[in-house]
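Please open the model in your viewer and keep the sequence panel beside it, since this tour moves from one selection to the next. At each stop there is something to select, followed by a description of what is there.

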Amino acid sequence: MNEIIIDKKEEIVNVFLLEDNKIVEYDSYNLRKMPKIGNIYKGKIKKIEKDISSLFIDYGEKKCGFVTLKDISKYKVGDVTLCVLKKEETNQKGAKLSLNLSNYCIKEMEKLLLLSKNIDKGIVIDNNSLEKNIFEKTFIINETERIWVNDANLYENINTYISINLKEISFDMVKLKIVDSLIYEFGLLTQFEKINNNKIWLKDGGQIVIDKTEALTAIDVNSKKFSSKDINVEDNIFKINLQAAKEIMKQVRLKNIKGIIIVDFINMKSNENREALIIAMKELAVKDRLNNNFFGFTKLGLLEFTRS
């Protein structure tokens with residue numbers, strides 16, 4: 001059974017996708033640091049600076065945001081307008097805004113105007129809301145049977161979001177369970193504590209080591225304590241590598257590793273065994289919500305693939 005666990009503890013929200021009570025995907029959000037770029041606000045023009053062709057708009061945040069336009073002659077102080085946040089404010093400077101809503105069709109604009117009708121100033125559409133991140137950017141819920149939430153306000157927000165944006169989802173799917181921690185409630189602590197481990201032991205004593213850099217993620221496969229009754233060296237190596245391949249596909253989902261991934265398997269002489277590894281990884285990639293593209297083994301024996 002697939003379940004989504006949304007566990008809120010003060011400002012931190014941990015989200016897990018479970019398959020038969022095993023964590024297969026994970027994301028974490030800090031509610032104080034949610035991005036704002038792309039959000040739509042209703043604001044009022046407070047000042048016009050003709051010398052720099054800029055409007056300063058009170059959009060409900062600490063500082064007025066600013067918009068630079070070629071022609072500001074049609075605007076006046078006190079005008080109400082919708083605007084898009086392009087760059088967040090800093091300690092020294094207000095946010096950069098845009099009045100360009102051309103990406104929105106007429107129907108969407110009608111919705112924006114309706115939503116903003118009873119708002120004096122402030123946010124109209126939060127394009128970076130927690131609910132939007134969870135259900136549009138993070139997890140696919142087609143095969144999910146239950147969504148568990150431990151916070152009453154968040155539970156209400158999720159139900160509101162689902163009623164507007166995911167009408168095919170039944171309210172019965174979302175369950176509120178008021179407990180301090182769903183991680184403890186579902187017995188996920190041991191799994192949760194291992195999520196950020198970069199060294200993972202395999203079933204028969206092998207090990208994979210994950211090293212993330214800015215350019216790519218390198219994964220090294222080691223035999224370590226591997227033991228087998230099979231005296232055929234090539235078969236032993238393939239067995240370690242196959243276990244590693246399965247664990248790697250699990251870890252890239254769990255850690256949400258994206259971009260270029262290079263795997264240094266234990267060297268195999270058999271091209272047939274190399275192809276078998278790629279086939280096994282492709283089969284496991286079917287469950288992944290992201291695309292995995294495999295480019296095969298390089299001349300140095302490294303497997304290259306991307307996840308995006």
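Begin by selecting Asn256, which sits just after helix 6 and takes a positive phi of about 50 degrees; bear in mind throughout that the coordinates belong to a predicted model.

From there, step back into helix 6 itself, residues 233-254, and place a distance marker between the C-alpha atoms at its two ends: they are 31 Å apart, which agrees with the 32 Å that 22 residues should span at 1.5 Å a residue. If you colour this helix by accessibility, you will find that it is mostly covered, with 16 of its 22 residues buried.

What covers it can be followed by selecting the sheets, beginning with the open sheet of 6 strands, whose order is 12-13-14-15-17-16 and whose pairing is mixed. Strand 12 (199-201) and strand 16 (292-297) stand at the edges of this sheet, and because each has a single partner strand, one side of each is left without a neighbour in the sheet. Direction ignored, neighbouring strands here are turned by 20 degrees against each other on average. Helix 6 packs on this sheet and touches strand 12, strand 13, strand 14 (217-222), strand 15 (259-264), strand 16 and strand 17 (303-307), while its direction makes about 150 degrees with that of strand 14.

Stay with this sheet and zoom in on the edge at strand 12, which is joined to strand 13 (residues 207-212) by 3 bridges in an antiparallel arrangement; here Lys199 has Val209 of strand 13 as its bridge partner. Then move to the other edge and add helix 7, residues 271-285, which lies across strand 16 and strand 17 and runs at about 175 degrees to strand 16.

Next, select the open sheet of 5 strands, again with mixed pairing, in which the order is 3-2-1-10-11. Its edges are strand 3 (22-30) and strand 11 (174-176), each of which has a single partner strand, so that one side of each is left without a neighbour in the sheet. From one strand to the next, the twist averages 20 degrees.

Within this sheet, strand 1 (residues 2-9) and strand 2 (residues 12-19) run antiparallel and are joined by 8 bridges, one of the pairings being that of Lys8 with Val13 in strand 2. Now show the helices around it: helix 3 (residues 152-165) packs on the sheet, where it touches strand 1, strand 2, strand 10 (146-149) and strand 11, and its direction makes about 165 degrees with that of strand 11. Helix 6 packs on this sheet too, touching strand 2 and strand 3, with its direction at about 25 degrees to that of strand 3.

Two loop residues of this region are worth selecting for their backbone angles. Glu10, in the loop between strand 1 and strand 2, has a positive phi near 60 degrees although it is a residue other than glycine, and with a relative accessible area of 65% it is exposed. Asn21, in the loop between strand 2 and strand 3, has a positive phi near 65 degrees and is partly exposed, at a relative accessible area of 32%.

Continue to strand 4 (residues 40-49), which pairs with strand 7 (residues 80-87) in the antiparallel sense over 5 bridges, with Lys44 standing opposite Val80. Strand 4 is also joined by 3 antiparallel bridges to strand 9 (residues 122-125), where Ile40 has Ile125 as its bridge partner. A further 5 bridges join strand 4 to strand 5 (residues 54-58), again antiparallel, and in the hairpin that these two form, with 4 residues between the strands, Ser53 takes a positive phi near 50 degrees.

Now select Glu131 in helix 2 (residues 130-138). Which side chain of opposite charge is nearest to Glu131? That side chain is Lys132, 10 Å away, and Glu131 is buried yet has no salt bridge. Beyond its neighbours within four places in sequence, Glu131 is in contact with Leu154, Asn157, Ile158 and Tyr161.

Finish at Leu189 in helix 5 (residues 189-194), which counts as partly exposed because its relative accessibility is 26%. Outside its neighbours within four places in sequence, Leu189 is in contact with Ile183 and Tyr184.

Conventions: Residues are numbered from 1 along each chain as its sequence is written. This is a predicted model: local features need pLDDT of at least 70, side-chain atom pairs count only at pLDDT 80 or more; totals for chains, interfaces and linings use all residues. Side-chain values use heavy atoms; hydrogens and water are left out. Buried means under 20% relative accessible area, exposed over 50%, partly exposed in between (1.4 Å probe, protein chains only). Contact means heavy atoms within 4.5 Å. The expected span of a helix is 1.5 Å times one less than its number of residues. Lys and Arg count as positive and Asp and Glu as negative; His and the chain ends are not counted. A salt bridge is a side-chain nitrogen of Lys or Arg within 4 Å of a carboxyl oxygen of Asp or Glu. Two strands pair if DSSP finds at least two bridges between them. Axes are lines fitted to C-alpha atoms, for helices over the stretch in contact, and angles run from 0 to 180 degrees between N-to-C directions.
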